[in-house]
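Dear colleague,

I am passing the structure below on to you, together with some notes on what turned up when I went through it. Please read the notes with the model open beside them.

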Amino acid sequence: VDKMAAPMGGEMCRKCFFQILQKYHFKSSDFATASVRRFCKVSNRKYHLFGYHPKLSFVEKLQNRPFTNDADTKSRLLVLGIETSCDETGAAVVDDKGNVLGEALHSQKLVHLKNGGIVPPIAQQLHRDHIEDVVQGALDGASLELKDVTAIAATVKPGMALCLQVGLEHAKKLVRQSGKPFIPVHHMEAHALTARMIENIEFPFLVFLLSGGHCLLAVARGVGNFLLLGSTTDEAPGVVFDQVARKLKLKHHPDCSTLSGGQAIEVLASRGDSQAFNLTIPMVRYANCDFSFSGHKNQTFRLIIKKEQEEGIQLDSDELLSCVNDVAASFQRIATQHLMQRLHRAILYCQQRHIIPQENKTLVLSGGVASNMYIRRSLQAVADTFGYRLVCPPPRLCTDNGVMIAWAGMEWLKEGRGIAEDPEAVDFQPRCPLGVDMSTDVLHARIRTTPRVKIPT
């Protein structure tokens, strides 16, 4: 290693590092580990200031493409990603061009559907039962062995503690076996960066993440560099959609028995009258970008109870309301208007503070709730109003998966940063905000969002 180091006190430049790593790292995993960790220290201290970003070519996007020969494997960086933050056990191998070489996923959806929600100890045991097969399935799909990958990445924050623990422990086990570098990944950052795997998106850009556990608006200024404009103050939209679906007893609906709560709401809402009931939009008097869904859930619960009493439906009955479609549609409309208003303010804030250049107005929408097409079309209307390009990963990459973790690890690896010097010392963090909190500054900006952007019909 010393013989290949450049001048300047033994420090090598970023381009030299990648040339050396791509040429030699498959011949010696020890050299790969030493090189990556050494460069990580140099980059953290100095070279990230240069702003060098390798040019990416987006070819064969999201296609599993096994390597055809040994020479092919030696020409690229490869990251194995592991995801266990909630109810999906995922693993994938991606290369530095954005190709998904192998992927495996075990979903716990049907188990939790029967239980009426996610029970953390059950989720943890299901992760333990399947993680080994899932990781091996991703490697087999890529026609690779563990020794062939450049680094291993895993979700360590935020998420359910019992679930995060399983993925982290397995990742550490693989690191001990292989001697590969370990890259801890922030789950929400992974969602935000996934779009860069399928589209040529330059920093900075606006990010809107909607899921069962999170709801936030942020500006991505670089890998590991985010400005948090707003987040949920209580419950996440995905959780509230599921709770309303349970209150409506949608698992007993013939068209919704195998769907998640959020999917069931979307299906029935498409058949209902969204103006049937007069519900109020949350937080209209608060000039910030934060979210609140518990109040909207409670007013919807009160509506359901009132209608059940009017129709003589018993509390413990499986009978559905005659107006179930209208309730679902009204609930979804108000939740969507809340999201639209917050996005509207975030865009105006970025304009006021000159955070996003006019030539790079991009909005990345991701997370499981972003798969709801009614919500997506509505947020598209807001983006179109202000000339933003809306980028959404494919639906299978909006929900939790190993691909996004592997790609986030790749983003860190290509910058020579984010690699754990002592993998055994890495711990999981159930709660962890994304980036620098700017919510107070957003509030002080006193930005009005009138006239309101209308939901497209």
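Is Cys-215 buried or exposed? In this model, which is a predicted one, Cys-215 is buried, with a relative accessible area of 2%. Cys-323 likewise counts as buried, at 12% relative accessibility, since the cut-off for that term is under 20% relative accessible area. As for disulfides, a search of the whole structure finds 0 of them.

The next element I looked at is strand β4, which covers residues 151-157. Of its 7 residues, 6 are buried, so the strand is largely enclosed by the rest of the structure. On one side of the pairing list is strand β1 (residues 78-83), which pairs with β4 in the parallel sense over 4 bridges, and within that pairing Gly-81 stands opposite Ala-153 of β4. Strand β5 (residues 182-186) also runs parallel to β4 and is joined to it by 5 bridges, with Thr-155 standing opposite Val-185 in β5. Helix α6 (residues 161-178) belongs to this arrangement as well, for β4, α6 and β5 together make a right-handed β-α-β unit.

Turning to the helices, α11 takes in residues 294-310. Its 17 residues should span 24 Å at 1.5 Å a residue, and because the C-alpha atoms at its ends are 24 Å apart, the model agrees with that expectation. The buried residues of α11 are His-296, Lys-297, Gln-299, Thr-300, Leu-303, Ile-304, Lys-307 and Glu-308, a list that you may like to go through on screen, and what covers them includes α9 (237-247) and α12 (324-352). Just after α11, Gly-312 takes a positive phi of about 70°.

Helix α12 brings me to the last residue I would point out, Gln-332, which lies in that helix and is buried, with a relative accessible area of 3%. Its side chain makes a polar contact with the side chain of Asn-372, at 3.0 Å. If one leaves aside the neighbours within four places in sequence, Gln-332 is in contact with Phe-241, Ile-265, Glu-266, Ala-269, Asn-372 and Tyr-374; Asn-372 thus appears both in this list and as the partner in the polar contact.

With best regards

Conventions. Residues numbered from 1 in each chain as written. Predicted model: local features only at pLDDT ≥ 70, side-chain atom pairs only at ≥ 80, totals over all residues. Heavy atoms only, no water. Helix = DSSP H or I, 4+ residues; strand = E, 2+ residues; numbered from the N terminus. Expected span 1.5 Å × (residues − 1). Buried < 20%, exposed > 50% of the residue type's maximum accessible area, 1.4 Å probe, protein only. Contact = heavy atoms within 4.5 Å. Pairing = 2+ DSSP bridges. Right-handed = clockwise from strand over helix to strand, strands pointing away. Disulfide = S-S within 2.5 Å. Polar contact = N/O pair within 3.5 Å; in protein donor to acceptor, adjacent residues only side chain to side chain.
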